[in-house]
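User: I would like to go through this model and ask, point by point, what each label rests on.

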Amino acid sequence: MEEKEERRAAWTALAECWGPARDHGWIGTSMGDLLRLALAEPRLAEFWPWTGMNELHLSTSQDFRDFGKDSFPAVAAWQGGYRVLAAPARQGAETVLETTDPAEALACLLELMGR
């Protein structure tokens with residue numbers, strides 16, 4: 001499988017895992033809504049996604065531990081809201097944007113990735 005197809009498969013798997021058919025408690029369907037929009041955004045297809053707890057992170061490679069290469073900005077989702085973080089929360093992330101609009105959160109995330 002080509003790398004582009006592998007990335008697409010990773011996005012699709014996350015969207016299915018976080019799908020809106022299930023209410024994910026305090027996260028509700030917000031992460032599923034965010035991921036569904038992400039699948040429709042062609043610029044996001046060049047990044048590798050992963051989720052941790054309630055955060056969607058992006059990377060330019062599959063090595064999610066390479067902090068020298070990527071800053072791993074994220075979108076934290078909760079029921080009805082999104083917070084875009086300039087870096088992972090565990091490293092004292094700066095909040096760049098707080099919104100109720102998942103499209104706005106994704107646009108901000110793309111800006112942080114330089115796209």
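User: What makes serine 59 the bridge partner of tryptophan 48 in β2, and how do the two strands pair?

Analyst: This is a predicted model, and in it tryptophan 48 has serine 59, in β2, as its bridge partner. That bridge belongs to the pairing of β1 with β2, which is antiparallel and runs over five bridges. Two strands count as paired once there are at least two bridges between them, so β1 and β2, with five bridges, qualify as a pair.

User: How do you know that β2 and β3 pair as well, and which residue is the partner of glutamate 55?

Analyst: β2 and β3 are joined in the antiparallel sense over three bridges, and because at least two bridges are required, the pairing of β2 with β3 is met. Glutamate 55 has alanine 76 of β3 as its bridge partner. Further along, β3 (residues 74-78) and β4 (residues 81-85) run antiparallel and are joined by five bridges, with valine 84 in β4 as the partner of valine 75.

User: Why is the sheet of five strands called open, and what makes β1 and β5 its edge strands?

Analyst: The sheet is an open one with the order β1-β2-β3-β4-β5 and antiparallel pairing. β1 (48-52) and β5 (95-99) are its edge strands, each pairing on one side only. On average, neighbouring strands of the sheet are turned by 20° against each other, with direction ignored.

User: Why is β2 described as largely enclosed?

Analyst: Buried stands for a relative accessible area under 20%, and five of the five residues of β2 are buried, so β2 is largely enclosed by the rest of the structure. Both faces are covered: Glu55, His57 and Ser59 are buried on one side, and Leu56 and Leu58 are buried on the other. Helix α2 (residues 30-40) lies across β1, β2 (55-59), β3 and β4, and runs at about 140° to β3.

User: Why is methionine 53 called exposed, and what is notable about its phi?

Analyst: The relative accessible area of methionine 53 is 65%, and the cut-off for exposed is over 50%, so methionine 53 is exposed. Methionine 53 has a positive phi of about 55° although it is not a glycine. As a general rule, most residues other than glycine have a negative phi. Methionine 53 lies in the loop between β1 and β2, in a hairpin that has two residues between the strands.

User: Why is glycine 52 called partly exposed rather than buried or exposed?

Analyst: Glycine 52, which is found in strand β1, has a relative accessible area of 29%. Buried needs a value under 20% and exposed a value over 50%, so glycine 52, at 29%, is partly exposed. Glycine 52 and alanine 76 are 24 residues apart in sequence, and their C-alpha atoms are 9.3 Å apart in space.

User: What makes up the largest nonpolar core, and which elements supply it?

Analyst: The largest nonpolar core has 25 residues, and those with the most contacts inside it are Trp11, Met31, Leu34, Leu35, Leu44 and Leu56. At least two residues of this core come from each of α1 (3-17), α2, β2, β3, β4 and α3 (102-112). Leucine 44 touches Trp11, Ala38, Leu58, Leu106 and Leu110, leaving aside residues up to four places away in sequence.

User: How do you know that the structure holds a cavity, and which residues line the largest one?

Analyst: Rolling a probe the size of a water molecule over the atoms shows where empty space is left. The structure holds one cavity of 30 Å³ or more, and the largest cavity has a volume of about 40 Å³. Its lining consists of Arg7, Arg8, Trp11, Ala38, Leu39, Glu41, Pro42, Leu44 and Ala45. α1 gives the most to that lining, with three residues, and α1 and α2 each supply at least two.

User: What pattern does the chain follow, and how much of it is buried?

Analyst: The chain has three helices and five strands and follows the pattern α-α-β-β-β-β-β-α along the sequence. Buried residues make up 43% of the 115 residues in the chain.

How values were computed
Residues are numbered from 1 along each chain as its sequence is written. This is a predicted model: local features need pLDDT of at least 70, side-chain atom pairs count only at pLDDT 80 or more; totals for chains, interfaces and linings use all residues. Side-chain values use heavy atoms; hydrogens and water are left out. Helices (H or I, at least four residues) and strands (E, at least two) are DSSP runs, numbered from the N terminus. Axes are lines fitted to C-alpha atoms, for helices over the stretch in contact, and angles run from 0 to 180 degrees between N-to-C directions. Contact means heavy atoms within 4.5 Å. A nonpolar core is a set of buried Ala, Val, Leu, Ile, Met, Phe, Trp, Tyr and Cys residues joined through side-chain atoms within 4.5 Å. Buried means under 20% relative accessible area, exposed over 50%, partly exposed in between (1.4 Å probe, protein chains only). On a 1 Å grid over the protein atoms alone, a cavity is a set of points where a 1.4 Å probe fits but cannot get out, and a pocket is an open set with protein on both sides within 12 Å along at least five of seven lines; lining residues have an atom within 4 Å of a point. Grid points are joined across faces, edges and corners, and a volume is the space filled by probe spheres set on the points.
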